[in-house]
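Thanks for coming. I have one structure to go through today, so please look at the screen.

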Amino acid sequence: MRFEVSAAYALGVALPLGETLRRRTNFDNFHSYVDDFIIGGLLLYAARAVTTHKRNGPVLLAVAWAILCGGLYGSFFWQLFSSETHDVGGLSNMTVVVIKGVLYAIALAGLFLASRSAIAKQSVD
């Protein structure tokens with residue numbers, strides 16, 4: 001299985017699970033809680049569409065990765081320049097920056113690879 005598809009399955013499960021473990025019952029920023037469930041669902045749906053060879057699967061996967069990249073951009077850079085010493089989940093700010101940085105790198109790689117695959121499939125069809 002290609003990296004961008006297997007990573008979509010993995011992050012589709014890991015993002016909502018990780019956010020639930022991180023925030024527990026802290027619903028102060030409800031939108032920050034829910035967005036991981038939405039993008040997790042989009043990644044799983046798109047990865048499944050690619051796996052089952054749906055015609056629009058590669059484009060859906062590229063779009064899901066693009067949405068994740070857009071969301072992580074603000075989140076990562078806000079965390080990077082935050083003056084807070086600890087995150088809402090109790091982890092040090094630097095730990096959260098590293099985690100979000102790794103996730104952002106995976107998302108950018110997924111976007112690049114999924115886009116390349118979608119463009120290649122378009123030129124074949």
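I will go from the overall fold to the helices, then to the core, the rings and a few single residues.

Please keep in mind that this is a predicted model. The protein chain has four helices and zero strands, and along the sequence the pattern reads α-α-α-α. Taken along the principal axes, the C-alpha atoms fill a box of roughly 50 × 25 × 20 Å. Of the 125 residues in the chain, 36% are buried. If you take contacts between residues at least 6 apart in sequence, 65% of them join residues at least 24 apart.

Let me start with α1. How far apart are the end C-alpha atoms of α1, and does that distance agree or disagree with what its residue count should give? They are 29 Å apart; the helix has 21 residues, which at 1.5 Å a residue should span 30 Å, so the two agree. There is nevertheless a kink in α1 of about 25 degrees, centred on Leu11. Leu11 is also one of the buried residues of this helix. The buried set in α1 includes nonpolar residues such as Val5, Ala8 and Leu15, but also Glu4, Glu19, Arg22 and Arg23. These buried residues pack against α2, α3 and α4. Just after the helix comes Arg24, with a positive phi near 50 degrees.

At the other end of the chain is α4. This helix has 32 residues and reaches 46 Å from its first C-alpha to its last, close to the 46 Å expected at 1.5 Å a residue. Its buried residues include Asn93, Val96, Val97, Lys100, Tyr104 and Ala114. Which helices do the buried residues of α4 pack against? They pack against α1 and α3.

On the pattern of burial in helices, one general remark. An α-helix has 3.6 residues a turn, so residues three or four places apart point the same way. You can look at α4 with that in mind: Val96, Lys100, Leu103, Ala107, Gly110 and Ala114 are among its buried residues.

Now the core. In soluble globular proteins, nonpolar side chains tend to be buried together. Here the largest nonpolar core has 23 residues, and the members that touch the most others are Leu11, Leu15, Leu43, Leu61, Trp65 and Leu68. Each of α1 (3–23), α2 (30–51), α3 (57–80) and α4 (93–124) supplies at least two residues of this core. The largest share, eight residues, comes from α3. To take one member, Leu61 touches Glu4, Val5, Ala8, Ala46, Ala47, Val50 and Ala114, leaving out residues up to four places away in sequence.

Next, the aromatic residues. How many aromatic pairs does a search of the whole structure find? There are three. In one of them, the ring centres of Phe76 and Phe77 are 4.9 Å apart and the planes are at 75 degrees, so the pair is edge-to-face. Are these two rings' residues buried or partly exposed? Phe76 has 13% relative accessibility and counts as buried, whereas Phe77, at 30%, counts as partly exposed. Ring pairs link Tyr73, Phe76, Phe77 and Tyr104 into a cluster.

Three single residues remain. Gln79 lies in helix α3 and is buried, with a relative accessible area of 2%. Its side chain makes a polar contact of 3.0 Å with the side chain of Lys100. Apart from neighbours within four places in sequence, Gln79 is in contact with Arg22, Asp87, Asn93, Val96, Val97 and Lys100.

Ser82 sits in the loop between α3 and α4. At 15% relative accessibility, Ser82 counts as buried, the cut-off being under 20%. Its C-alpha atom is 7.9 Å from that of Asn93, which is 11 residues away along the chain.

The last one is Thr95, in helix α4. Thr95 is partly exposed, with a relative accessible area of 34%. Its side chain is joined to that of Ser92 by a polar contact of 2.7 Å. Thr95 and Glu19 are 76 residues apart in sequence, and their C-alpha atoms are 15 Å apart in space.

That is what I had to show.

How values were computed:
Residues are numbered from 1 along each chain as its sequence is written. This is a predicted model: local features need pLDDT of at least 70, side-chain atom pairs count only at pLDDT 80 or more; totals for chains, interfaces and linings use all residues. Side-chain values use heavy atoms; hydrogens and water are left out. A nonpolar core is a set of buried Ala, Val, Leu, Ile, Met, Phe, Trp, Tyr and Cys residues joined through side-chain atoms within 4.5 Å. Buried means under 20% relative accessible area, exposed over 50%, partly exposed in between (1.4 Å probe, protein chains only). Contact means heavy atoms within 4.5 Å. Rings of Phe, Tyr and Trp (its six-membered ring) pair if their centres lie within 6.5 Å; planes under 30 degrees apart count as stacked, over 60 as edge-to-face and the rest as tilted. The expected span of a helix is 1.5 Å times one less than its number of residues. The bend at a residue is the angle between axes fitted to the seven residues ending there and the seven starting there. A polar contact is a pair of N or O atoms within 3.5 Å; within protein, one must be able to donate a hydrogen and the other to accept it, and residues adjacent in sequence count only if both atoms are side-chain atoms.
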